[in-house]
Amino acid sequence: MFTFSLTFVRHGETPYNREKLLQGQGVDTSLSETGVQQGEAVGRYLRDVPFNNVFVSNLQRAVQTAELIVKNNTHCSGMEMVLEPLLRERGFGVCEGRPKEDLKNMANASGQSCRDFTPPGGETLDQVRLRFKKFLKALYKRMLDEHGCSEPHAPAGASEAANGTSAAASDVALDGSADDGLQGVSVHTLVVSHGAYIRVAHKHLVEDLASSLPAGVKMSHLFAPCPNTGISRFILTLSQSESGSPVLSAACCVFTNRKTHLDDLSDAE
């Protein structure tokens, strides 16, 4: 059995975010000045988390954000980031580059909610979820290959450590410290991606993989839109099947959409 943390960060603000324009995959913009400040802020907040692996969407806004996090981290100097197309934002087809209001109007005309509507040429939510599932499958294998045990059974004490992590995580407040949920976990993975993608990831981890949830958490917060450089964290425990392939044994949601690192930036505006 092998336990690791999975920390998600949404990219910082871009000029398109500020103007409420959809980017998706076809509009590959860089961070705005505010976005760079947000990236620096989240990097400082996470500076003492010893990330072992960093996976990043290969779109500019995500790469720039990840670079700022790694630069500010006391443990990640010189770490090579893995640029992963599976982490790219949901494709919004004909709506990319257009105001979000256009997407809302198209969704309303079709009788669907904006989040569930797929514009012509765009990705469905199921297609995005499939991309995330492919990423998780590859991540599980990499975690066990690089950090996990070689035996199909858990080493002594692994179950106890995982249970302790889940118990600690259940008591975490929405606004806590950067190391929430990391006690007793020695391997940490960072994923830098996008708002719509991260929301699909949250729903898959909670609804499909039955992640345990923090005490008192509201579902409206859990699945709310992730703010720029918002942070979410899950603790995942893997085991190996008899064939040697990785199997998810347990998942625990520590927190989602945390943005306390942006408080000082808001005060300065």
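The following paragraphs walk through a predicted model of a protein, from its overall make-up to its helix packing, its cores and a few single residues.

The protein has 269 residues, of which 50% count as buried. Its secondary structure comes to nine helices and six strands. Contacts across the sequence are mostly long in range: among those between residues at least 6 apart in sequence, 80% join residues at least 24 apart.

Two helix pairs are worth following in turn. Two packed helices are described by the angle between their axes and the distance between the axes. In the first pair, helix α5 covers residues 125–146 and helix α7 covers residues 195–208; their axes come within 9 Å and cross at roughly 75°. Because angles of 65 to 115 degrees count as roughly perpendicular, α5 is roughly perpendicular to α7. On the α5 side, the residues that meet α7 are Leu125, Val128, Arg129, Arg131, Phe132, Lys133, Phe135 and Leu136. On the α7 side, they are Tyr197, Val200, Ala201, Lys203, His204, Leu205, Glu207 and Asp208. By class, the contact of α5 with α7 comes to nine nonpolar, one polar and six charged residues.

Val128 gives a closer view of this contact. The residue sits in helix α5, and it is buried, with a relative accessible area of 1%. Leaving aside neighbours within four places in sequence, Val128 is in contact with Arg90, Glu123, Tyr197 and Val200. Of these, Tyr197 and Val200 are among the α7 residues that meet α5. Leu86 is 42 residues away from Val128 along the chain, and their C-alpha atoms are separated by 8.8 Å.

The second pair consists of helix α2, residues 33–45, and helix α3, residues 60–72. Their axes come within 8 Å and cross at roughly 40°, an angle that makes α2 oblique to α3. The crossing of α2 past α3 is right-handed. From α2, the contact uses Val36, Gly39, Glu40, Val42, Gly43 and Arg44, and from α3 it uses Leu68, Ile69, Lys71 and Asn72. In the contact of α2 with α3 there are four nonpolar, three polar and three charged residues.

The next topic is the nonpolar interior. The largest nonpolar core has 30 residues, and the members that touch the most others are Phe4, Leu6, Phe8, Phe132, Phe135, Leu139 and Leu236. At least two residues of this core come from each of β1 (2–10), α5, α7, β5 (231–240) and β6 (246–258). Helix α5 gives the most, with eight residues. Phe4, not counting neighbours within four places in sequence, is in contact with Leu139, Tyr140, Met143, Val185, Val187, Thr189, Phe234, Ile235, Leu236 and Leu238. Apart from this core lies another, of 25 residues, among them Cys76, Ala178, Cys252 and Phe255.

Strand β1 also holds Arg10. Is this charged side chain's residue buried or exposed? At 13% relative accessibility, Arg10 counts as buried. Beyond residues up to four places away in sequence, Arg10 touches Asn17, Thr65, Ser193, His194, Gly195, Ile198, Cys226, Pro227, Asn228, Thr229 and Gly230. Arg10 and Ser232 are 222 residues apart in sequence, and their C-alpha atoms are 9.0 Å apart in space.

Ser193 and His194 appear again in the surroundings of Ser57. Ser57 is found in the loop between β2 (53–56) and α3, and at 0% relative accessibility it counts as buried. Leaving aside neighbours within four places in sequence, the residues in contact with Ser57 are Ala62, Val63, Glu84, Leu87, Arg88, Val192, Ser193 and His194.

Last come two residues with notable backbone angles. Most residues other than glycine have a negative phi. Thr229, one of the residues that Arg10 touches, is not a glycine, yet has a positive phi of about 60°. Thr229 is found in the loop between α8 (219–222) and β5, and at 0% relative accessibility it counts as buried. Asn257 is also a residue other than glycine with a positive phi, here near 55°. Asn257 lies in strand β6, and at 6% relative accessibility it counts as buried.

Notes:
Residues numbered from 1 in each chain as written. Predicted model: local features only at pLDDT ≥ 70, side-chain atom pairs only at ≥ 80, totals over all residues. Heavy atoms only, no water. Axes fitted to C-alpha atoms, helices over the stretch in contact; angles between N-to-C directions. Helix = DSSP H or I, 4+ residues; strand = E, 2+ residues; numbered from the N terminus. Parallel < 35°, antiparallel > 145°, perpendicular 65-115°, else oblique. Contact = heavy atoms within 4.5 Å. Nonpolar A, V, L, I, M, F, W, Y, C, P; charged D, E, K, R; others polar. Left-handed = near helix turned anticlockwise from the far one by under 90°. Core = buried A, V, L, I, M, F, W, Y, C linked by side-chain atoms within 4.5 Å. Buried < 20%, exposed > 50% of the residue type's maximum accessible area, 1.4 Å probe, protein only.
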